[in-house]
Amino acid sequence: MYWRRAFPGEPVQVGAARVFVAYLLAGFPPLDDVLLALDELAVNAIRHTGSGRPGGAFAVAVYRDAAGVTVSVTDQGASTEPRVKGLAGAIDPVDLAECGHGLLTVTALAITWYWSGAPCSRTVHATFAVTHLRRDHTATPADPLPPEAAL
């Protein structure tokens with residue numbers, strides 16, 4: 001199944017995008033991870049691309065099949081490419097700034113992520129499996145815990 005929706009490039013619309021995806025993926029085991037990754041991708045679109053300018057917009061697409069989900073955010077482009085900060089070894093004090101960790105978070109949550117496009121428009125995709133295995137190789141269950149396990 002495939003869904004797509006455009007949103008105005010305003011910070012309040014990040015919440016609207018989360019509501020849209022949460023509705024579509026209700027019951028999907030790693031939904032919280034998907035929503036956090038979506039939040040990071042949408043915020044990046046507004047902060048770092050033409051999507052955040054007056055009249056700008058971004059689009060969210062969700063592709064779901066038996067194996068999992070890919071959530072994608074299409075922005076209105078920028079002169080720089082999406083990149084992960086803080087993976088090169090030593091932590092630079094600049095990397096400890098409040099922003100700049102969105103794609104690092106997506107890297108930690110998603111099975112994989114990648115981007116495609118050009119300076120005028122690009123799309124960042126993040127993929128999640130039904131039985132979710134994070135990059136730290138810890139599995140999250142495909143089924144919720146039975147009620148007695150929650151005690």
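**Notebook: Thr70, then the α1/α2 pair**

I started with Thr70, which sits in strand β3, residues 68-75. A reminder to myself: this is a predicted model.

Buried or exposed, I wondered about Thr70? I looked up its relative accessible area and got 17%. The cut-off for buried is under 20%, so Thr70 goes down as buried, at 17%.

Next I asked which side chain Thr70 joins in a polar contact. The partner is Thr127, and the two side chains are joined at 3.1 Å. I then listed what else touches Thr70, skipping its neighbours within four places in sequence. One set of contacts is Ala61, Val62 and Tyr63. The rest of my list reads His125, Ala126 and Thr127. Thr127 therefore turns up both in the contact list and as the polar partner of Thr70, whose buried state I had already noted.

**Whole chain**

I stepped back to the fold. The protein chain has three helices and five strands. Read along the sequence, I get β-α-α-β-β-α-β-β.

Then I checked burial over the chain: of its 151 residues, 39% are buried. I also pulled the exposed surface, which comes to about 8,600 Å². Carbon and sulfur atoms supply 60% of that area.

How many of the contacts between residues at least 6 apart in sequence join residues at least 24 apart? I found 60% for the protein chain.

**Helices α1 and α2**

Two packed helices are described by the angle between their axes and the distance between the axes, so I looked up both values. Helix α1 covers residues 12-24 and helix α2 covers residues 31-48. They pack at an angle of about 150°, and their axes are 9 Å apart. I noted the crossing of α1 past α2 as right-handed.

Which residues make the contact? From α1 I wrote down Val14, Ala17, Arg18, Val21 and Ala22. From α2 I have Leu31, Val34, Leu35, Leu38, Asp39, Ala42, Val43 and Ile46. Sorted by class, the contact has 11 nonpolar residues, two charged ones and no polar ones.

**Val43**

I picked Val43 out of that list for a last look; it lies in helix α2. Its relative accessible area is 21%. Buried needs under 20%, so at 21% Val43 counts as partly exposed.

I also checked Val43 against Val12, which is 31 residues away along the chain. Their C-alpha atoms are separated by 9.9 Å.

How values were computed. Residues are numbered from 1 along each chain as its sequence is written. This is a predicted model: local features need pLDDT of at least 70, side-chain atom pairs count only at pLDDT 80 or more; totals for chains, interfaces and linings use all residues. Side-chain values use heavy atoms; hydrogens and water are left out. Helices (H or I, at least four residues) and strands (E, at least two) are DSSP runs, numbered from the N terminus. Buried means under 20% relative accessible area, exposed over 50%, partly exposed in between (1.4 Å probe, protein chains only). A polar contact is a pair of N or O atoms within 3.5 Å; within protein, one must be able to donate a hydrogen and the other to accept it, and residues adjacent in sequence count only if both atoms are side-chain atoms. Contact means heavy atoms within 4.5 Å. Accessible areas come from the Shrake-Rupley method with a 1.4 Å probe; for residues, only the protein chains shown count as cover. Axes are lines fitted to C-alpha atoms, for helices over the stretch in contact, and angles run from 0 to 180 degrees between N-to-C directions. A crossing is left-handed if the near helix is turned anticlockwise from the far one by less than a right angle, and right-handed if clockwise. Ala, Val, Leu, Ile, Met, Phe, Trp, Tyr, Cys and Pro count as nonpolar, Asp, Glu, Lys and Arg as charged, and the others, Gly among them, as polar.
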